[in-house]
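Here are my notes on this one, jotted down as I went through it. Have the structure open next to you as you read.

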Amino acid sequence: MTFKKAVAVGTILANMVVPLCAKNYEAGLETEIENKYHVDLIGDFQKKEVKNIDEVMKTIDSMIDRKENGIEEITLANVDAHDERLRDGDGYASATVADGSIIYMSTAAIYGKAFDKNPLADYKGLLAHEIGHLIYEHLDKEKIFSDFIEFNWKRDLKKESAVPDGYVTAHPLERDFIWVRDNEDVADDFSYIINKKHYADKDPVVQKKMNAVKGYLKMRGK
Ligand SMILES: [Zn+2]
């Protein structure tokens with residue numbers, strides 16, 4: 001039971017529950033995350049990971065209404081780097097809304113070894129990216145498709161650099177299908193905003209995408 005649900009039960013029960021929650025709150029960072037953000041943590045998370053989860057969720061809650069964007073409750077599971085559930089994702093993390101909002105994260109992600117030169121090579125970047133995938137599922141895909149196809153069409157296909165024009169990473173371009181590409185693009189853009197990155201701010205196509213994503217999510221503090 002989460003803290004919010006518990007207090008809604010009634011004064012008498014709430015009085016009994018509050019000291020219990022207060023105790024749990026002190027019991028560990030993981031319980032603190034569950035109470036503060038309704039993010040259930042499954043598996044063993046390193047202290048550094050939990051700290052990063054706290055920072056990402058805090059920023060997200062300051063910028064968007066999670067309930068309105070369909071991600072009020074999230075389950076975050078720490079799985080082995082070779083877990084088959086990561087296969088359908090980005091190799092080190094995956095997100096699914098099939099049975100609730102679940103994100104599978106590999107502990108290896110924290111070291112970013114596989115993401116050497118990726119600008120989002122960090123745990124917070126990857127986590128926000130996966131949360132972006134969960135959000136994408138609740139958005140108007142036709143609207144995104146019509147917006148992003150224009151943005152993507154405008155990018156300079158001939159320019160070969162680590163980060164292509166119009167994108168914040170090359171990751172969406174690894175996907176063949178345009179609708180999968182849009183999903184990756186939105187996830188990357190969401191992560192870029194949440195982690196307050198600025199390296200692609202001068203790219204006018206990136207700027208348009210950021211504004212579009214902020215609009216979809218009715219983001220505060222634009
Ligand atoms: Zn992805």
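**Notes on the fold, the core and a few loop residues**

1. Let's start with Arg66: once neighbours within four places in sequence are set aside, its contacts are Ile60, Asp61, Ile71 and Glu72. Arg66 sits in the loop that links α4 to β2 (74-79). Buried or exposed, then, for this arginine in a loop? Arg66 counts as buried, because it has 21 C-beta neighbours inside 10 Å, and the cut-off for that label is 20 or more. There is also a long-range pairing to look at: the C-alpha atoms of Arg66 and Ile135 are 8.8 Å apart, although 69 residues separate the two along the chain.

2. Before going further, keep in mind that this is a predicted model. As for the overall layout, the protein has eight helices and four strands. Going along the sequence, they follow the order α-α-α-β-α-β-β-β-α-α-α-α. The protein has 222 residues, and 34% of them count as buried. If you take the contacts between residues at least 6 apart in sequence, 58% of them join residues at least 24 apart.

3. Now the core. Nonpolar side chains tend to be buried together in soluble globular proteins. Here the largest nonpolar core has 42 residues, and Val39, Leu127 and Phe190 are the ones that touch the most other members. Which helix gives the largest share of this core? That is α5 (residues 123-136), with eight residues. Domain 2 (37-135) and domain 3 (141-216) both supply residues to the core, so the core lies between them.

4. Val39 deserves its own look. Apart from neighbours within four places in sequence, Val39 is in contact with Ile33, Glu34, Ile53, Met57, Ile74 and Leu76. Ile33 belongs to α3, while Ile53 and Met57 belong to α4, and this brings us to how those helices pack.

5. The α3/α4 pair: the axes of α3 (residues 29-37) and α4 come within 10 Å and cross at roughly 15°. The two helices are therefore roughly parallel to each other, and α3 passes α4 in a left-handed crossing. On the α3 side the meeting residues are Leu29, Glu30, Ile33 and Tyr37, and on the α4 side they are Lys47, Val50, Ile53, Asp54, Met57 and Asp61. Asp61 also turned up in the first point, as a contact of Arg66.

6. The α4/α5 pair: how do these two cross? The axes of α4 (residues 47-63) and α5 come within 9 Å, with a crossing angle of roughly 50°. That makes α4 oblique to α5. The crossing is right-handed. From α4, Glu49, Asn52, Ile53, Glu55, Val56 and Ile60 meet Tyr123, Lys124, Leu127, Ala128 and Ile131 of α5. Ile53 is worth flagging, as it meets α5 here and also appears among the α4 residues that meet α3.

7. The α5/α7 pair: here the axes are 7 Å apart and the angle is about 130°. The two helices are therefore oblique to each other, and their crossing is right-handed. Gly125, Ala128, His129, Gly132, His133, Ile135 and Tyr136 are the α5 residues in this packing, and they meet Asn183, Val186, Ala187, Asp188, Phe190, Ser191 and Ile194 of α7. Phe190 is one of the three core residues that touch the most other members. Ala128 of α5 meets α7 and also meets α4.

8. Asp165 is in the loop between α6 (141-154) and α7 (178-194). It has 16 C-beta neighbours inside 10 Å and so counts as partly exposed. The C-alpha atoms of Asp165 and Val206 are separated by 8.0 Å, with their positions 41 residues apart along the chain.

9. Finally, two lysines to check on the backbone. Lys196 has a phi near 50°, a positive value in a residue other than glycine. Lys196 lies in the loop between α7 and α8 (204-216), and it counts as exposed because it has 7 C-beta neighbours inside 10 Å. Lys218, in the segment after α8, likewise has a positive phi near 50°. With 12 other C-beta atoms within 10 Å, Lys218 is exposed.

Definitions and conventions:
Residues numbered from 1 in each chain as written. Predicted model: local features only at pLDDT ≥ 70, side-chain atom pairs only at ≥ 80, totals over all residues. Core = buried A, V, L, I, M, F, W, Y, C linked by C-beta atoms within 7 Å. Domains from an automatic or database assignment. Contact = placed C-beta atoms within 7 Å. Axes fitted to C-alpha atoms, helices over the stretch in contact; angles between N-to-C directions. Parallel < 35°, antiparallel > 145°, perpendicular 65-115°, else oblique. Left-handed = near helix turned anticlockwise from the far one by under 90°.
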